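Let's take a walk through this model together, starting in one loop and ending at the bound ligand. Keep the 3D view open as you read.

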Amino acid sequence: MRAMVYRGPYKIRVEEKDIPAIEHPNDAIVRVELAAICGSDLHLYHGMMPDTRVGTTFGHEFIGVVHEVGSSVESLKPGDRVMVPFNISCGSCYFCSRGLLSNCHNVNPNATAVGGIYGYSHTTGGYDGGQAEYVRVPFADVGPTVIPDWMDDEDAVLLTDAVATGYFGAQLGEIREGDTVAVFGAGPIGLVAAKTAWFMGAARVIVIDHLEYRLEKARSFAHAETVNFAELDDVVVHLKRTTDGLGADVAIDAVGAEADGSFLQHVTSAKLKLQGGSPVALNWAIDGVRKGGTVSVVGAYGPIFNAVKFGDALNKGLTLRMNQAPVKRQWPRLFEHIRNGHLKPSELVTHRIPLEHIAEGYHIFSAKLDGCIKPLVVPGAN
Ligand code: NAD
Ligand code: ZN
């Protein structure tokens, strides 16, 4: 089969690989019809995530057709069209049975923290991902769901991560009626968090980024107020000014470890590798939220950080909530929102790239060229 293969930071190729085989009776092999590139893949692409091994295939957002099932699989059969959550979970351990599907204890040798994720380094189990013609799906009775016939494929593929994660980010904010919600990052995750914050009772939603074309999307897709931090001396002071000097009730970090906005942080992380990334957006969230407020973190962070304003978070009495999104837990409500027409995830899609050209897709998405918000990858196209 053809598959995206990582060859080192900023080096991606499409190569020939063996079609994955059933390794366990509850595996399925899925022929991928549509995949996506996620902001998380960019951390791998930039060489920021530990234990990202050369030769592996990325891709944790995908839909496809069941090609083969193991002997114990009961809920799927060959020919079923399925959407596959990015989390690999056993469905029955201490954590899965409490709904912590992203923290499964049985799918990753590093399971003291994260569970399993497709194509997201050996830190999350070393599974090959779905930016390929075929992918092995473990615990096939737990994660995948048959795509409802009323659902569009592009909505389905975004539900396997971006939409579920953005919605989860808003949920972690514990938004109450009348709240002002500040969302850092106008990528797919931040845009969905901003859009769905309204569903939870927000009275104001403010999206912060420095890419004007993405802020435009925040206005049109999420009906949010926008702030371009590059035009301000101090984004936190600005946020306070527009919130009676108090700060937002809720701040959502949908940026993660590669935040821009501080030259010093950029040098100590990306250049000198003295820390695992830049906590600029996280610190802006901590500073920009009012005392007693909630900071929700869905932006991804890798290893150790310096200079996170933890003392301020303590002294302000903040609630900090965070996790990798437990995708399948979000689906019932999101299915409803999509079916009712409140949410149209495919409005975020800007690029549809044949698998053979995936390297170009990574470049465009990483460098934020050509108005790129969400690129899809199409294995069948040429
Ligand atoms: P993206 O790269 O498309 O978007 C990130 C945005 O943040 C960009 O528009 C960028 O300009 C902006 N940005 C950079 N520095 C900023 C700053 N200091 N303040 C405000 N905005 C800033 O990525 P995405 O697909 O939207 O993903 C966002 C984050 O969410 C990534 O870290 C990704 O790894 C993470 N993620 C987490 C989960 C999870 O389950 N927790 C799932 C998917 C993605
Ligand atoms: Zn992702």
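## Gly-119 and its surroundings

Gly-119 is a buried residue, because 31 other C-beta atoms lie within 10 Å. You will find Gly-119 in the loop between β7 (116–117) and β8. The model is a predicted one, so please read every value here as computed from that prediction.

Which residues does Gly-119 touch, once its neighbours within four places in sequence are left aside? One set of contacts is Thr-56, Thr-57, Phe-58, Gly-59 and His-60, and the others are Tyr-127, Asp-128, Gly-129, Gly-130 and Gln-131. For a sense of scale, try His-223: it is 104 residues from Gly-119 along the chain, and the two C-alpha atoms are separated by 33 Å.

## Phe-86, another loop residue

Phe-86 sits in the loop between β5 (81–84) and β6 (87–88). Phe-86 counts as buried because it has 29 C-beta neighbours inside 10 Å.

Setting aside neighbours within four places in sequence, the contacts of Phe-86 are His-60, Glu-61, Ile-117, Tyr-118, Thr-160, Asp-161 and Val-327. His-60 is worth a second look, since it appears among the contacts of Phe-86 and also among those of Gly-119. Gly-59, a contact of Gly-119, lies 8.7 Å from Phe-86, C-alpha to C-alpha, with their positions 27 residues apart in sequence.

## Two positive phi angles in loops

Most residues other than glycine have a negative phi. Against that background, have a look at Asp-51, a non-glycine residue with a positive phi of about 60°, and at Phe-139, also not a glycine, with a positive phi of about 50°.

Are these two residues buried or exposed? Asp-51, in the loop between α1 and β4 (62–69), counts as exposed because it has 11 C-beta neighbours inside 10 Å. Phe-139, in the loop between β8 (134–137) and β9 (145–146), is buried, because 23 other C-beta atoms lie within 10 Å.

## Helix α3 and its partner α10

Now turn to helix α3. All of it is buried, 11 of the 11 residues, so the helix is largely enclosed by the rest of the structure. Among these buried residues are Ala-162, Thr-165, Gly-166, Gly-169, Ala-170, Gln-171 and Leu-172. Just after α3, Glu-174 takes a positive phi of about 50°.

How do α3 (residues 162–172) and α10 (residues 327–339) meet? Their axes come within 9 Å and cross at roughly 85°, and the two helices are therefore roughly perpendicular to each other. On the α3 side the contact is made by Val-163, Ala-164, Tyr-167 and Phe-168, and on the α10 side by Val-327, Gln-330 and Leu-334. By class, the residues of this contact are six nonpolar and one polar, with no charged ones. Val-327 of α10 is also a contact of Phe-86.

## Two domains in one chain

The protein chain is divided into domain 1 (2–161 + 326–378) and domain 2 (163–322). Measure between their C-alpha centres in your viewer and you should find 25 Å. Their contact draws 23 residues from domain 1 and 22 residues from domain 2.

On the side of domain 1 that touches domain 2, at least two residues each come from α1, α2 (153–159) and α10. Helix α10 gives the most to this side, with four residues. The residues on this side are 11 nonpolar, eight polar and four charged.

## The shell around ligand 1

Ligand 1 is surrounded by 33 residues, and the closest are Gly-39, Ser-40, Gly-187, Gly-256 and Ala-300. Two or more residues of the shell come from each of α1 (39–45), α4 (188–199), β11 (204–209) and α8 (280–288).

Which element gives the most to the shell around ligand 1? That is α1, with four residues. Helix α1 also supplies at least two residues to the side of domain 1 that touches domain 2. Both domains take part in the shell, each with at least three residues. By class, the shell around ligand 1 holds 17 nonpolar, 12 polar and four charged residues.

Conventions: Residues are numbered from 1 along each chain as its sequence is written. Chains are lettered from A and ligands numbered from 1 in the order in which they are written. This is a predicted model: local features need pLDDT of at least 70, side-chain atom pairs count only at pLDDT 80 or more; totals for chains, interfaces and linings use all residues. Axes are lines fitted to C-alpha atoms, for helices over the stretch in contact, and angles run from 0 to 180 degrees between N-to-C directions. Angles under 35 degrees count as roughly parallel, over 145 as roughly antiparallel, 65 to 115 as roughly perpendicular and the rest as oblique. Two residues are in contact if their C-beta atoms, placed from the backbone, lie within 7 Å. Ala, Val, Leu, Ile, Met, Phe, Trp, Tyr, Cys and Pro count as nonpolar, Asp, Glu, Lys and Arg as charged, and the others, Gly among them, as polar. A residue is near a molecule or strand if its C-beta atom, placed from the backbone, lies within 6 Å of it. Domain bounds come from an automatic or database domain assignment. A residue is buried if 20 or more other C-beta atoms lie within 10 Å of its own, exposed if 12 or fewer, and partly exposed in between; C-beta atoms are placed from the backbone.
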